[in-house]
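Please walk through the model below with attention to burial, salt bridges and open space.

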Amino acid sequence: MRQPQVSRRAQIDSLGPWFHNLHLPDGTQTAPGHRFGDFPSFKWEKLEETVPQDMQGWSVLDIGCNAGFYSLQLARRGAHVLGLEIEPLYLRQARWIAQEYELTDRLEFVEGDVYQLINSQRKFDVVWFTGVFYHLRYPALALDLVRRATTRYMMFQSMTMPGPATGEVPTDLPLDGRKAMLEESWPKMAFIERRVAGDDSNWWAPNATCVEAMLRSAGFEVIARPEHEFYWCKAAPVPKPSTGDLQRLLGLVNNRSTPI
């Protein structure tokens, strides 16, 4: 028997606060008064045509999955999704959502962060890496680890500096030619010492040129830009310097870290 609407609302609120406004099977929404509107549904509307419709048998890693909105969308297309989240509140929400949609056979949620990939040999057809990059102290390392775990595609998103990607970056730069780094077309990433929007976990804001340069340097080819700050990427050969740096780092890792 369907629960009365009042107790249903109370049940949802007891799991809150919610950052994802999810539309439950009975039509109830988890955060109908969200400050960003119907988030992240309005983002998904821009992204969904880029993502394969049939993902039967595909494996997906959703890094920083929050309450599982994107994990749910990909599981509904047939994928088996592992959601990775460091916040216990969001993990409780995501696991509850999986039950509500009767998709516990395709959705698994574990506590952890992107750096746990350093001790993992697991590979995924798709890595969903959105809403995380600019919160990381070591963003280039994270991107290299994500590339190592990706066999087909990645959806990437980061908060960025204003402006579009511009110009061609020189393949080499003389020491006395560093004024080029001051040009608008140069890849730049602003460091945030304190806060953005009251959040002290925001560390970086790359410009769009920097985003695409970092993606290339990690071994990703941007094949679509379906929405502002979102990049649909294909796994490409990893440049040799990047490969060597990562392998040297992996050789120094203490194996007592918990793999996923």
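**A walk through the predicted model**

In helix α5, the buried residues are Pro 139, Ala 142, Leu 143, Asp 144, Leu 145, Val 146, Arg 147, Arg 148 and Ala 149. The structure is a predicted model. Helix α5 spans residues 139–149, and with nine of its eleven residues buried it is mostly covered.

Some of these residues return in the lining of a cavity. The count of cavities of 30 Å³ or more comes to one, and the volume of the largest cavity is about 50 Å³. Its lining consists of Leu 117, Ser 120, Gln 121, Arg 122, Lys 123, Leu 145, Arg 148 and Ala 149. Sorted by class, the lining of the largest cavity holds three charged, two polar and three nonpolar residues.

The largest pocket has a volume of about 1400 Å³. It is lined by 41 residues, and those that lie nearest its centre are Phe 19, Asn 66, Gly 131, Tyr 134 and His 135. Four elements give two or more residues each to this lining: α2, α4, β1 (59–63) and β2 (80–85). By class, the lining of the largest pocket divides into eight charged, eleven polar and 22 nonpolar residues.

Phe 19, one of the residues nearest the centre of the largest pocket, is located in the loop between α1 and α2. Is Phe 19 buried or partly exposed? Its relative accessible area is 25%, so Phe 19 counts as partly exposed; the buried class would require a value under 20%. With neighbours within four places in sequence left aside, Phe 19 is in contact with His 34, Arg 35, Phe 36, Phe 39, Asn 66 and Tyr 90. Asn 66 is also among the residues nearest the centre of the largest pocket. As for distance along the chain, Phe 19 and Val 60 are 41 residues apart, and their C-alpha atoms are separated by 22 Å.

Helix α4, which contributes to the lining of the largest pocket, covers residues 88–100 and contains Gln 93. Gln 93 has a relative accessible area of 0% and is therefore buried. What does the side chain of Gln 93 reach? At 2.8 Å from that side chain is the backbone oxygen of Leu 15. Outside the four places on either side in sequence, the contacts of Gln 93 are Leu 15, Gly 16, Pro 17, Trp 18 and Ala 67.

Helix α4 also takes part in a salt bridge. The whole structure has eleven salt bridges. One of them joins Arg 8 and Glu 100, with the closest N and O atoms 2.4 Å apart. Because Arg 8 lies in helix α1 (residues 5–14) and Glu 100 in helix α4, this pair ties together parts that are 92 residues apart in sequence. The two partners fall into separate accessibility classes: Arg 8, at 7% relative accessibility, is buried, whereas Glu 100, at 23%, is partly exposed.

A second salt bridge is formed by the side chains of Glu 227 and Lys 43, at 3.2 Å from N to O. Glu 227 belongs to strand β8 (residues 220–227) and Lys 43 to helix α2 (residues 41–47), so that the pair links distant parts of the chain, 184 residues apart. Here both Glu 227 and Lys 43 are buried.

Strand β8 also supplies Glu 221, which forms a salt bridge with Lys 234 in strand β9 (residues 230–235). The closest N and O atoms of this pair are 3.7 Å apart, and its residues are separated by 13 residues in sequence. Both ends are partly exposed, Lys 234 at 35% relative accessibility and Glu 221 with a relative accessible area of 38%. Elsewhere, salt bridges with shared partners join Arg 8, Asp 26 and Glu 100 into one network.

Beyond strand β9 comes the loop that leads to α7 (240–252), and Pro 239 is found there. Pro 239 is partly exposed, its relative accessible area being 28%. Which residues does Pro 239 touch, not counting residues up to four places away in sequence? They are Arg 216, Ser 217, Ala 218 and Gly 219. The C-alpha atoms of Pro 239 and Arg 216 are separated by 8.4 Å, although the two residues are 23 residues apart along the chain.

Methods. Residues are numbered from 1 along each chain as its sequence is written. This is a predicted model: local features need pLDDT of at least 70, side-chain atom pairs count only at pLDDT 80 or more; totals for chains, interfaces and linings use all residues. Side-chain values use heavy atoms; hydrogens and water are left out. Buried means under 20% relative accessible area, exposed over 50%, partly exposed in between (1.4 Å probe, protein chains only). A polar contact is a pair of N or O atoms within 3.5 Å; within protein, one must be able to donate a hydrogen and the other to accept it, and residues adjacent in sequence count only if both atoms are side-chain atoms. Contact means heavy atoms within 4.5 Å. On a 1 Å grid over the protein atoms alone, a cavity is a set of points where a 1.4 Å probe fits but cannot get out, and a pocket is an open set with protein on both sides within 12 Å along at least five of seven lines; lining residues have an atom within 4 Å of a point. Grid points are joined across faces, edges and corners, and a volume is the space filled by probe spheres set on the points. Ala, Val, Leu, Ile, Met, Phe, Trp, Tyr, Cys and Pro count as nonpolar, Asp, Glu, Lys and Arg as charged, and the others, Gly among them, as polar. A salt bridge is a side-chain nitrogen of Lys or Arg within 4 Å of a carboxyl oxygen of Asp or Glu.
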